[in-house]
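Please read the points below with the sequence and the structure side by side. Each point takes up one topic and can be checked on its own.

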Amino acid sequence: MKLREESGKTIRRRAPRFELIAGNVALDFVNTLDDRPTQPKELLATYADLLRFGEDSGVLDTGQFDRLLERKHISEDATQEVLLQARELREDIHDVFRAILKKRPVPAAALAKLNAAAQSAAGRMRLVAVKGGFVWRFEDFGGVDAMLWPIARAAAELLASDQLPYVRACSSKTCEWFFLDTSKNHRRRWCDMANCGNRAKVRRFYARQKKESC
Ligand SMILES: [Zn+2]
């Protein structure tokens, strides 16, 4: 088995396309359906978008990205299938976390599908000796659906972690992007202060002004 150098993973040549604000790749992945509550906008329109998400989020390194983008040996049908599978996984992750956020029962079907994806990802992991210890690594990471494995695993690990109570949805009613609130007081309300937070502040400011002028 040929081992990849850890250092090769961080080299980036393209400017990121996705806004990764969640602090967890599984939650960032959920946010690839933008403006969910009002006018959902699909940010994973093509398999290439999925690859870009993989590269931006670091679950694919540049070499994997290039090989999969060229995909000379992969049929259009296969990439389309993975794209559909990716969106399905995303919605399962969303449904599970949303139920938790809303304090509702977790949908059994979504959890079962997420479990299956996480199990399949775990089956592709191997312990590898590195200097001073061992790390888990995905083997045969050139598969057309390789970016989905770390995402499924990240979702499962977050669910089983003590970080779960800090998963939030953005307070903007039109946004509701998910994120992990790692702030000191755990009072983060917005996906992004420069975006949603400021819009809400401006709205409050005008509402106050209007009230005062009445
Ligand atoms: Zn937001």
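1. Among contacts between residues at least 6 apart in sequence, 58% join residues at least 24 apart. This percentage comes from a predicted model, as do the other values in this note. The protein has 214 residues, and 39% of them count as buried.

2. Seven helices and six strands make up the list of elements. Their order along the sequence is α-β-β-α-α-α-α-β-β-α-β-β-α. It is worth keeping this pattern at hand for the points that follow.

3. Which residues of the largest nonpolar core touch the most other members? They are F29, L50, I93 and M147, in a core of 46 residues. At least two core residues each come from α1 (25-30), α2 (47-57), α3 (62-70), α4, α5, α6 (148-159) and β6 (178-180). Helix α4 gives the largest share, seven residues.

4. L50 deserves a look of its own. With residues up to four places away in sequence not counted, L50 touches F29, L44, V82, L83, A86, M147 and L148. Two of these, F29 and M147, are also named with L50 among the core residues that touch the most other members.

5. L83 is placed in helix α4. Is L83 buried or exposed? L83 counts as buried because its relative accessibility is 1%, and the cut-off for buried is under 20%. Apart from neighbours within four places in sequence, the contacts of L83 are L44, A45, T46, Y47 and L50. L83 and D145 are 62 residues apart along the chain, yet their C-alpha atoms are separated by 8.5 Å.

6. Helix α4 also holds T79. With a relative accessible area of 2%, T79 is buried. Residues touched by T79, not counting those up to four places away in sequence, are Y47, R71, I74 and V144. Y47 appears in the contacts of L83 too.

7. D92 is another residue of helix α4. Its side chain belongs to the charged class, and D92 is buried, with a relative accessible area of 7%. Leaving aside neighbours within four places in sequence, D92 is in contact with A110 and K113. Between D92 and N115 there are 9.9 Å, C-alpha to C-alpha, and the two are 23 residues apart in sequence.

8. How many cavities of 30 Å³ or more does the structure hold? There is one, and about 40 Å³ of space lies in the largest cavity. The lining consists of F18, E19, L20, D28, N31, T32, L43, F53 and W177. By class, five of the lining residues are nonpolar, two are polar and two are charged.

9. Strands β3 (residues 125-130) and β4 (residues 133-138) pair in the antiparallel sense, over six bridges. Across this pair, R126 stands opposite R137, and A129 stands opposite F134. The two strands form a hairpin with two residues between them. In the turn, G132 has a positive phi of about 85 degrees.

10. Two residues that are not glycine need a check of the backbone. Most residues other than glycine have a negative phi. D35, however, has a positive phi of about 45 degrees, and K103 has a positive phi of about 55 degrees. Both are worth finding in the structure.

11. Where do these two residues lie? D35 is in the loop between β1 (33-34) and β2 (41-42). K103 is in the loop between α4 (76-101) and α5 (108-122). D35 counts as partly exposed because its relative accessibility is 28%, which falls between the cut-offs of 20% and 50%. K103 is exposed, with a relative accessible area of 76%, and the cut-off for exposed is over 50%.

Note on methods
Residues numbered from 1 in each chain as written. Predicted model: local features only at pLDDT ≥ 70, side-chain atom pairs only at ≥ 80, totals over all residues. Heavy atoms only, no water. Helix = DSSP H or I, 4+ residues; strand = E, 2+ residues; numbered from the N terminus. Buried < 20%, exposed > 50% of the residue type's maximum accessible area, 1.4 Å probe, protein only. Core = buried A, V, L, I, M, F, W, Y, C linked by side-chain atoms within 4.5 Å. Contact = heavy atoms within 4.5 Å. 1 Å grid on protein atoms, 1.4 Å probe; cavity = no way out; pocket = protein on both sides within 12 Å on 5 of 7 lines; lining within 4 Å. Points joined across faces, edges and corners; volume = space filled by probe spheres on them. Pairing = 2+ DSSP bridges.
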